[in-house]
Amino acid sequence: MENKEILFMVLLYKNENFQVRAPYDLNILGKKMWQWVAMAGEDFDIKTTPCTFDSDIVSLVKPYVKNHKIVCVFYSDTPLINKSNIEEILDYFKYHNLNVLKLKRGYIFNAEYLLSCNNVLATENRLFDGKEFEAVDSYEDVYNVTKILQNLILDYHIQNGVQIIDKNTTYIDADVVIEKGCRIEPNNNIKGNTYIGENVILEPNNTIIDSIISKNGILKNSYVSNSRISENIIVGPFETIIDKNV
């Protein structure tokens, strides 16, 4: 259920450790790093704004506060944070009737207090434990976070009735939808906004990008991009299908 009384700010942090123009846009399993943070607050009013190490948080956030009661502020370099983390933090904040709660990588504000102050001098600190609150500070961190998120995605599909033969060689982006009864054999890459229908069999060594594979299909060692494969179709081996309906 949406709660627009809570403003969820994602600070697009320019980390100089990354030799790219916008490190917060680094792609992790089909989503930008900041988008993973935003997913944790998808039930709230989400806004983004750039920031640096020296940015004044209060002055950055104030212009976005409208009719909100609570303001959550998180940095774009914590892609492991999730909804349950946010719920735990907000419960703590409300229970203790706080004006400001300083987190390891972020803040929770009472909106009325935020609008009335010029800076944050006194805050209650609470370091919530867990890797979810660790900042991604290097490409090694990106690699480790990607492994964690990929395992979560694979486990989600397995729990929904998808048979994955080898988790170590199966790559599935965050926005991929896979129906129950599918079997995914080793060395399959499924990317983008892809839909896999019921009872599809992906034999080894397929790459599927932004495509629809309808139910009961079989793919054998093929490349499919921006295409639609109808029901009960066998593709491959060694087919390349781009921008087609089959």
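## A guided tour, starting from Lys83

Select Lys83 and Asp43 to begin, and you will find a salt bridge between them in which the closest N and O atoms are 3.6 Å apart. This pair links distant parts of the chain, since Lys83 belongs to helix H3 (residues 83-95) while Asp43 sits in the loop between helix H1 (33-39) and strand S4 (45-51), 40 residues apart. Please keep in mind throughout that this is a predicted model. Both partners can be found from the outside to some degree: Lys83 is partly exposed at 31% relative accessibility, and Asp43 is partly exposed at 26%.

Before going further, zoom out to the whole chain. Its C-alpha atoms fill a box of roughly 65 × 40 × 30 Å along the principal axes, and its secondary structure comes to five helices and 22 strands. Of the 246 residues in the chain, 43% are buried, and the chain exposes about 12,900 Å², with carbon and sulfur atoms supplying 46% of that area. If you count the contacts with a separation of 6 or more, 42% of them join residues 24 or more positions apart.

**More salt bridges**

The search of the whole structure finds nine salt bridges. For another of them, select Lys104 and Glu134, whose closest N and O atoms are 2.7 Å apart. Because Lys104 lies in the loop between strand S6 (100-103) and strand S7 (106-110), and Glu134 in the loop between strand S8 (124-125) and helix H5 (139-159), the pair ties together parts that are 30 residues apart in sequence. Lys104, at 41% relative accessibility, is partly exposed, as is Glu134 at 40%.

Move next to Glu185 and Arg183, whose side chains meet in a salt bridge with an N to O distance of 2.9 Å. Is each partner buried or partly exposed? Glu185 counts as buried at 17% relative accessibility, whereas Arg183, at 28%, counts as partly exposed. Returning to the starting point, add Glu42 to your selection, and you will have a network in which salt bridges that share partners join Glu42, Asp43 and Lys83.

**Cysteines**

How many disulfides does the structure hold? The search finds zero. Select Cys72 to look at one cysteine in no disulfide: the nearest cysteine sulfur belongs to Cys117 and is 16 Å away. Cys72 is buried, with 0% relative accessibility, and Cys182 is likewise buried, with a relative accessible area of 3%.

**Ser211 and its surroundings**

Now select Ser211, which you will find in the loop between strand S16 (206-209) and strand S17 (212-213). Ser211 has a relative accessible area of 2%, so it counts as buried. A polar atom of the Ser211 side chain lies 3.0 Å from the backbone nitrogen of Ser227. To see what surrounds Ser211 beyond its neighbours within four places in sequence, show the residues in contact with it, namely Asn193, Thr194, Tyr195, Val224, Ser225, Asn226 and Ser227.

From that list, carry on to Tyr195, which is found in strand S14 (residues 195-196) and is partly exposed at 32% relative accessibility. What does Tyr195 form on the surface together with Val177 and Ile212? These residues form a nonpolar patch, with about 210 Å² of accessible area together. Showing the surface of Val177, Tyr195 and Ile212 brings this patch into view as the last stop.

How values were computed
Residues numbered from 1 in each chain as written. Predicted model: local features only at pLDDT ≥ 70, side-chain atom pairs only at ≥ 80, totals over all residues. Heavy atoms only, no water. Helix = DSSP H or I, 4+ residues; strand = E, 2+ residues; numbered from the N terminus. Buried < 20%, exposed > 50% of the residue type's maximum accessible area, 1.4 Å probe, protein only. Polar contact = N/O pair within 3.5 Å; in protein donor to acceptor, adjacent residues only side chain to side chain. Contact = heavy atoms within 4.5 Å. Disulfide = S-S within 2.5 Å. Patch = residues over 30% accessible without salt bridge, like charges linked within 9 Å, V, L, I, M, F, W, Y side chains within 5 Å. Areas by Shrake-Rupley, 256 points an atom, 1.4 Å probe, with all protein chains shown as cover. Salt bridge = Lys/Arg side-chain N within 4 Å of Asp/Glu carboxyl O.
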